Amino acid sequence: MNEKGNISIHTENIFPVIKKFLYSDNEIFLRELVSNAVDATQKLKRLASLGQYKGEVGDVTIDVAFDEKAKTITISDRGIGMTAEEVKKYINQIAFSGATEFVEKFKEAKDANEIIGRFGLGFYSAFMVADKVEIQTLSYQEGAEPTRWVCDGSTSYQITEGNRTARGTDVILHINADSEEFLDKGRLQEILDKYGKFLPVPIRFGTRTSSEPDGEDKEGKPKYKSVEVDNIINNTQPAWTKAPSELKDEDYLAFYRELYPYSLDEPLFWIHLNVDYPFNLTGILYFPKLKENFEIQKNKIKLYSRQVFITDEVKDIVPEFLMLLHGVIDSPDIPLNVSRSFLQADSNVKKINAHITKKVADKLAELFKTDRKGFEEKWPDIALFVKYGMLSDDKFAEKANEFCLLKNTEGEIYTLKEYAEKVKDIQQDKDGHVIYLYTNDAAQQDGYITTAKERGYDVLVMDSPIDSHFVAYIEQKGEKTQLKRVDADVIDKLIQKEDTKTLQLTEEESKKAVELFEKAISRDNMKVYVEALSESELPVTVTIDEFIRRMKDMAQTGGGMSFYGSMPDNYKVTVNGNHPLIKRILSDENTEEQQQLAKQAFDLALLSRGLLSGNELTNFVKRSVSLIG
Ligand code: ADP
């Protein structure tokens, strides 16, 4: 047998194209060739289990080896091998409908993955790193003859008799001058770890030194010796491929460490995904402790296809909020080789999204139902995730309404429904709106919180970055519900009841009070109002408008609306016209003293808001001393 021929593509020379356009991603040649070796091995095992292969299956470990001097990398398997006819059919006739289509499409392709899978060019990716590729193969079929195929990177090939004596295939790459980085143990190990860590057939990459027990020393302590052992790079049965019933908590935690060896935190809990209809999907998703910081970048979800690592850029494959989770998704049904925009529209991807979202919501609902106390303890770590999910996905929100929790300043925890029930009567205003009061900084807003509590009102704690958005969400979903930050206005205005107090000042006196305070304050961003509040309220209160403040908060946490983000803070100064002190100030005949008192009352209001500092604080202290004296 000695046959020469041309690879049946009609483009002059495809290999320069492959090399040039796929250069950036060229490490995937190893993924492709090792995957082919795995496929060939699994085909053989299947034939054996069906009784169509009667021989001994034996050890099917795949070997990856390199020779620095000869500048070769060899991938050897003990799979089904190929006959000369099969080599011609599968290797020569490149499996795509037309070379012209390829040449047209590669122009638009953004990465190597896209071209390689789409056009069945797995094997040919070898030419990204090799000048010459050689195959030595022997088919499993009885009486098959060993075959050698060699191709030097042009479109011509040569088939001759081969030298393989055992069933299977060697693919020998003669590495080109630009790709010598791959003739390095560390580099190859790194690529194998990345793509092959969980392949279903053992992959051996040389040997490694290991320490083994070696009896005891004189003092009876165990001794160890160094031995060379096979360097098997993969775990062929990662946890996600097993049935959940076979796994204990320790196994899930151990697998987490296997996935993220550098992670310090343990996950809180996990979901084992297992679907086979209408699409195929397995995987394990872990809930990390999230707290305030979005650790999206740290431990990413890894996407596999039949245990071959594909990517950890799952942005278009799982809904964005789920990217806060860690773990593995394995699905042969995700079309990995199409463009990203196409992916989002793909019906399988949509179904997969919906499925994962539902599973995650169901898991949380179950944890909440079966162990509410435990769930409440974990809440601070998952709140961000749940709220983010509710804001971005209606279906998720529907379910999450049952287990999304609110906490008040007393540390009491309620579901949304329970809370609505709790405040619906007492915090209803004259128009029938229920007003939820909240604080984003309980220490700083303590004065306001105390006043609210004295009225019998409840104050929620909403202090995470996502809460400025979540506040708006609760309002949207709740019927006649409004949320107001506890320092957004004086309490009587926050929840306005029917019986508005009558102002004890005349119109004249009111006007005088406004003038007096405006003069004492003399700041552009502070507007003075006189209101009829109860006598127990402070004489002067400084507040910031809920709407403007909320827009500013949202702008800060990335909710758009940068217009508000750049606005200065505007404060409302409420002078309590019914407070005895105001009446006293107004009736003071000494204008000097009048100004002093007005300033003092205003500074007190600023002080309770944490707005008094520097020189003004010093002046306030001095003035206080002289007023006391
Ligand atoms: P794909 O794997 O997507 O079919 P490839 O270009 O990688 O495309 O391979 C083409 C074909 O060549 C495979 O489908 C298989 O039939 C054959 N092949 C490749 N590598 C091997 C191997 N190591 N052993 C047996 N057959 C192989």
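**Exercise 1. Find which residue of β18 stands opposite Y438, and place the pair in its sheet.**

Step 1. Y438 stands opposite L460 in β18. The model is predicted: local features need pLDDT of at least 70, side-chain atom pairs count only at pLDDT 80 or more, and totals for chains, interfaces and linings use all residues. Numbering starts from 1 along each chain as its sequence is written, and side-chain values use heavy atoms, without hydrogens and water.

Step 2. Strand β17 (residues 434-439) runs parallel to β18, joined by 3 bridges. Strands are DSSP runs of E, at least two residues; helices are runs of H or I, at least four; both are numbered from the N terminus. Pairing takes at least two DSSP bridges between two strands.

Step 3. The open sheet has 3 strands, ordered β18-β17-β19, with parallel pairing. β18 (459-461) and β19 (481-485) are the edges; each has a single partner strand, so one side of each lacks a neighbour in the sheet.

**Exercise 2. Determine how helix α2 packs on helix α6.**

Step 1. Take α2 (residues 28-49) and α6 (residues 185-196): the angle is about 60 degrees and the axes are 10 Å apart. Axes are lines fitted to C-alpha atoms, for helices over the stretch in contact; angles run from 0 to 180 degrees between N-to-C directions.

Step 2. That makes α2 oblique to α6 (under 35 degrees is roughly parallel, over 145 roughly antiparallel, 65 to 115 roughly perpendicular, the rest oblique).

Step 3. List the contact (heavy atoms within 4.5 Å). α2 gives I28, L30, R31 and V34; α6 gives L188, I191, L192 and Y195.
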